[in-house]
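Subject: Structure for your review

Dear colleague,

Please find the structure below, followed by an account of what was found in it.

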Amino acid sequence: MSKIAIIGAGFVGSTTAYAFMLGGTVQEIVLIDKIKEKARGEAMDLNHGASFVRPVNVYAGNYKDCRDADIVIITAGAPQAPGQSRLELVETNSRIIKQIVSNILDYNTDTTLIIVTNPVDIISYVAWKTSNLSPSRVIGSGTVLDTSRFRHLLSARCGIDPRNIHAYVIGEHGDSEVPLWSTVNIAGISLDRFCTSCNRACSDEGREEISQKVRQAAYEIIEGKGATYYAIALALRRITESILRDEHSILTVSTLINGIYGLKELYLSLPCVLGRKGVENVIPFELDADEKGQFLHSAEIIKGYIPADLTEKPIELL
Ligand code: NAD
């Protein structure tokens, strides 16, 4: 029997619970929010769909209910306002996350944390530093969502099912993220080769347009409807399933980077193998010079936002 605790029953938290219900992913879901009535209302609404899905116990609870949770997903915190960058949330959400992690650890020191709260790379680092858990068990949702946006846009451009497109976005989940064009392949065929057999004329500008759309997606959605939550909820279900079912799927979660590409003690997204133990391996991708430069630039940006009180000494490039 698997149990998930979701901290923060807002747009992302409650939609994630809904995605888990539809997927029959777990048997127990507890929603915890500082506004108890909000968590209670969401749990009631979700439970009223119980007769249409596999049996699942959804309820509003408190931190005590984390004691037997296999995974705790943290979505609590301030969301982006229209036009606001994720990095602008760092101070408020770092404060919130420290308290939440400490509350969880009062009841469970043997769980896996999945961090969603933005800016997710910094907040995941804060959660790891605060928790003392193994970094393999403190996982940011990272660019799993951005990778899916990239695959969706490639699918629309190439006319191919996104499940047959291998493509990754790495680095910050934010403005400096890096869509990896050099590794895109369709059913094992490199994109460059695929393009020679396809009648759609795609220029370099077409590729840049897709990269920009991936980076701008959240801004556009927030401008339109105030928040993003459906795709991130599905991304969280995918991450959770890979862990609970020990699937060893490769997903671009945010993880501790120590020694890769000369980087030291930073949370950033790279393709990771996810299994029951959490992040079991980070895949060392061959990046071209431009992509490596962009990735290191992304790392520089993240480095500049890590709260000073969490680093004994400034984080440096090795
Ligand atoms: P929301 O405002 O709808 O929900 C946030 C919830 O957190 C609220 O219900 C609030 O009461 C609760 N909360 C705040 N402080 C709390 C605390 N100390 N303890 C318990 N609960 C607390 O926001 P949302 O749209 O659900 O977004 C939540 C977070 O997820 C934001 O930081 C947003 O930027 C982030 N997000 C991340 C991704 C991603 O890909 N990583 C995608 C979408 C949203």
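How many residues surround the ligand, and which are the closest? The ligand is surrounded by 26 residues, and the closest are Phe11, Val12, Asp33, Ala78 and Asn118; a residue counts as near if one of its heavy atoms lies within 4 Å of the molecule.

Before the details, two notes on the source are needed. This is a predicted model, in which local features need pLDDT of at least 70 and side-chain atom pairs count only at pLDDT 80 or more, while totals for chains, interfaces and linings use all residues. Residues are numbered from 1 along each chain as its sequence is written, and side-chain values use heavy atoms, with hydrogens and water left out.

The shell around the ligand consists of 13 nonpolar, 11 polar and 2 charged residues. In this grouping, Ala, Val, Leu, Ile, Met, Phe, Trp, Tyr, Cys and Pro are nonpolar, Asp, Glu, Lys and Arg are charged, and the others, Gly among them, are polar. Domain 1 (3–140) and domain 2 (144–309) each supply at least three residues of this shell; the domain bounds come from an automatic or database assignment.

Three side chains have polar atoms beside oxygen atoms of the ligand (a polar contact is a pair of N or O atoms within 3.5 Å). For aspartate 33, the distance from a side-chain N or O atom to a ligand oxygen is 2.6 Å. For asparagine 118 it is 2.9 Å, and for histidine 173 it is 3.1 Å. Taken alone, the ligand exposes 870 Å², of which the protein buries 88% (Shrake-Rupley method, 1.4 Å probe).

Asparagine 118 also takes part in a cis peptide bond, which leads to proline 119 and has omega near -5°. Proline 119 lies in the loop between β5 (112–115) and α4 (120–131); helices (H or I, at least four residues) and strands (E, at least two) are DSSP runs, numbered from the N terminus.

Yours faithfully

Note on methods
Polar contact = N/O pair within 3.5 Å; in protein donor to acceptor, adjacent residues only side chain to side chain.
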